[in-house]
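Reader: Could you take me on a close look at one part of this protein, its aromatic cluster? I would like to see how the rings sit together and what surrounds them.

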Amino acid sequence: MIYFAYGSNLHPERLRRRVPSREALGTATLDGHTLTFTKRGADGSGKCAILPADDPQARVYGVLYRMAAEHRPSLDYAEGVHGGGYVAVTVEVMPLQGEAVDAFTYVPPDHFIDQALRPYDWYKAFVVHGARHHALPAQWLSQLDAVAAMADPDAQRAALNARILAGLR
């Protein structure tokens, strides 16, 4: 199976915990879409969402992974597919090297989008550090860095995620 990661699953340690069989194939873009942090997470903060854009030049950068089909249910669970979080869809992405590829990814249902949301600082760090790890373009990194984030009021959750983040540094 080919998976297109664009949010916190860019972070290799986070994805390793969810999909032991993952193998990074390289970077890719999803054209005609934008990345926002406006998907309402179970914790009330903003999570990444790819949304169709009016501008056909808009694009989202991410990473293609090959994974064993047996690990798909655990990734679906982590993404809240059966609990109303994200919906798995097939998209056509363009690897930075090669021809278009069909991959599955996750998008939020419309009723989970809230433009007022912001991500927790640790969640944004998963996305930014993962994008840096995979050497996504500098202008994309600048765009991610510019996203306003907030502190997580749950100190235990923040500390747990900080320990996972430390696995990349």
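Author: Happily; here is the ring cluster, followed by the fold around it. Please keep in mind that this is a predicted model.

Ring pairs join Phe 37, Tyr 120, Trp 122, Tyr 123 and Phe 126 into a cluster. The protein has ten aromatic pairs in total. One of them brings Tyr 120 and Trp 122 together, with centres 6.1 Å apart and planes at 35°. That angle makes the pair of Tyr 120 and Trp 122 tilted, because stacked planes would be under 30 degrees apart and edge-to-face planes over 60. Trp 122 also pairs with Tyr 123, and here the arrangement is edge-to-face, with 75° between the planes and 6.2 Å from centre to centre.

Are these residues buried or exposed? Both Tyr 120 and Trp 122 are buried. Trp 122 has a relative accessible area of 7%, so it falls under the 20% cut-off for a buried residue. Tyr 123 is buried too, at 4% relative accessibility.

Now for the setting. Across the protein, 49% of the 169 residues count as buried. The chain forms five helices and seven strands, in the order β-α-β-β-β-β-α-β-β-α-α-α. Its radius of gyration is 15 Å, close to the 15 Å from the globule rule for 169 residues, so the protein is as compact as a globular protein of that length. Among contacts with a separation of 6 or more, 73% come from residues 24 or more positions apart. On the outside, the protein exposes about 8,400 Å², and carbon and sulfur atoms supply 52% of that area.

How values were computed
Residues numbered from 1 in each chain as written. Predicted model: local features only at pLDDT ≥ 70, side-chain atom pairs only at ≥ 80, totals over all residues. Heavy atoms only, no water. Helix = DSSP H or I, 4+ residues; strand = E, 2+ residues; numbered from the N terminus. Rg over C-alpha atoms; globule rule 2.2 N^0.38 Å. Buried < 20%, exposed > 50% of the residue type's maximum accessible area, 1.4 Å probe, protein only. Contact = heavy atoms within 4.5 Å. Areas by Shrake-Rupley, 256 points an atom, 1.4 Å probe, with all protein chains shown as cover. Phe/Tyr/Trp six-rings, centres within 6.5 Å; stacked < 30°, edge-to-face > 60°.
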